[in-house]
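Open the model in your viewer and keep the selection panel at hand. The stops below are meant to be taken in order.

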Protein chains: 2
Amino acid sequence: MREAEKVFIGYLAEHNLRWTNQRKELLHLFLKMEKHLTIDDFYQIVQRKNDRIGYATVYRTLKLICKSGLAREVDFGEGKVRFEHKYAHEHHDHLVCTQCGKLIEIKSPEIERLQNKLAEEHCFEPTWHKMQIFGNCGECRK
Amino acid sequence: MREAEKVFIGYLAEHNLRWTNQRKELLHLFLKMEKHLTIDDFYQIVQRKNDRIGYATVYRTLKLICKSGLAREVDFGEGKVRFEHKYAHEHHDHLVCTQCGKLIEIKSPEIERLQNKLAEEHCFEPTWHKMQIFGNCGECRK
DNA sequence: AAATTAAATGAAGATGATTTTCATTATCAA
DNA sequence: TTGATAATGAAAATCATCTTCATTTAATTT
């Protein structure tokens, strides 16, 4: 948490941006959140804590948090983007249940190795990837 | 081409939908297209051929073509969807060059096998997946 | 072939997420 | 403190997607 704050402040400093009260409050709230929130989800939560913070600031701050490397945008094809912590959280992919919407985080070094191999075969230099497997989770199959 | 038309007409028939001039013209144009077009890309092309076909019809027909199994939607995180032929075209994933936008289609049975294994470990029944690897293509690395 | 029924079309507008504008406020550095 | 500049919040603009509705067209029935 403290660490993450340092990362964010560092990013701001590097870019001549300011460490404001809103950014502080939003960063801490965001870091406390579990799971994957849309901008609006997060805005609703923010409202309950402090209704003087506007949507635009929430929007801009989430984008900034991503740029700082503390979060990333994920898109499950819902027509809106969700935000997910990245800090102290290894890269992973998702199983997405198309019935109940549950997300399961997965990680596979073997797959990553194959991805890199595949990229190399095409003279392609990979920087990141997205992988989602859609289907039915254990609960929904019962 | 003829084959694809049959598939489409078959789908229409099964659903009590009609084989109209617009649908015919749009299907044939779409099948001739290479690469991955957005709705608007395709609408622009249609306009040049026949400006009496409206955007809504283009939109609805692309959706129909997908439902018929001849195409699928792909999302490269641009905030809009692209359409890609599927007929006589095995499932594949993409390398996406973030410099020039080039797409390279890739396929890896090993990765798919690992995906299925991973899913199974989570009692998850996979139905489909999306995988995109972003980075720099051979040209752009030079 | 005419009448009937139901789907398709195109124009326009609704929707909803995202992004921008702009007047005002807050931060930072000198 | 002051001046320069970034940040904020409200509102509006944008943009892709999707829907509505009056009209047209296709298919079916008489």
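This tour of a predicted model goes from a DNA strand to a pair of packed helices.

Start by selecting DNA strand D and the residues within 4 Å of it. The selection holds 23 residues, and the closest are A:T20, A:R23, A:R52, A:T57 and A:R60. Colour the surface near DNA strand D by class: eight residues are nonpolar, seven polar and eight charged. Next, turn to the DNA side. Of the strand D atoms within 4 Å of the protein, 68% belong to sugar or phosphate, and the rest to bases.

Now show the helices. At least two residues of the surface near DNA strand D come from each of α2 (21-32) and α4 (55-67) of chain A, and α4 (55-67) of chain B. The most comes from α4(B), which gives five residues.

Zoom in on three side chains of chain B. An N or O atom in the side chain of B:Y59 is 2.8 Å from a phosphate oxygen of DNA strand D. For B:K63, the distance from a side-chain N or O atom to a phosphate oxygen of the strand is 3.0 Å. B:R60 places a polar side-chain atom 3.3 Å from a base oxygen.

Finally, add α3 of chain B, residues 39-49. Its axis lies 10 Å from that of α4(B), at an angle of about 125°, which makes α3(B) oblique to α4(B). The crossing is right-handed. Select B:I39, B:D40, B:F42, B:Y43 and B:V46 on α3(B); they meet B:Y55, B:V58, B:Y59 and B:L62 on α4(B). This contact has eight nonpolar residues, no polar ones and one charged.

Key:
Residues are numbered from 1 along each chain as its sequence is written. Chains are lettered from A and ligands numbered from 1 in the order in which they are written. This is a predicted model: local features need pLDDT of at least 70, side-chain atom pairs count only at pLDDT 80 or more; totals for chains, interfaces and linings use all residues. Side-chain values use heavy atoms; hydrogens and water are left out. A polar contact is a pair of N or O atoms within 3.5 Å; within protein, one must be able to donate a hydrogen and the other to accept it, and residues adjacent in sequence count only if both atoms are side-chain atoms. Helices (H or I, at least four residues) and strands (E, at least two) are DSSP runs, numbered from the N terminus. Ala, Val, Leu, Ile, Met, Phe, Trp, Tyr, Cys and Pro count as nonpolar, Asp, Glu, Lys and Arg as charged, and the others, Gly among them, as polar. Axes are lines fitted to C-alpha atoms, for helices over the stretch in contact, and angles run from 0 to 180 degrees between N-to-C directions. Angles under 35 degrees count as roughly parallel, over 145 as roughly antiparallel, 65 to 115 as roughly perpendicular and the rest as oblique. A crossing is left-handed if the near helix is turned anticlockwise from the far one by less than a right angle, and right-handed if clockwise. Contact means heavy atoms within 4.5 Å.
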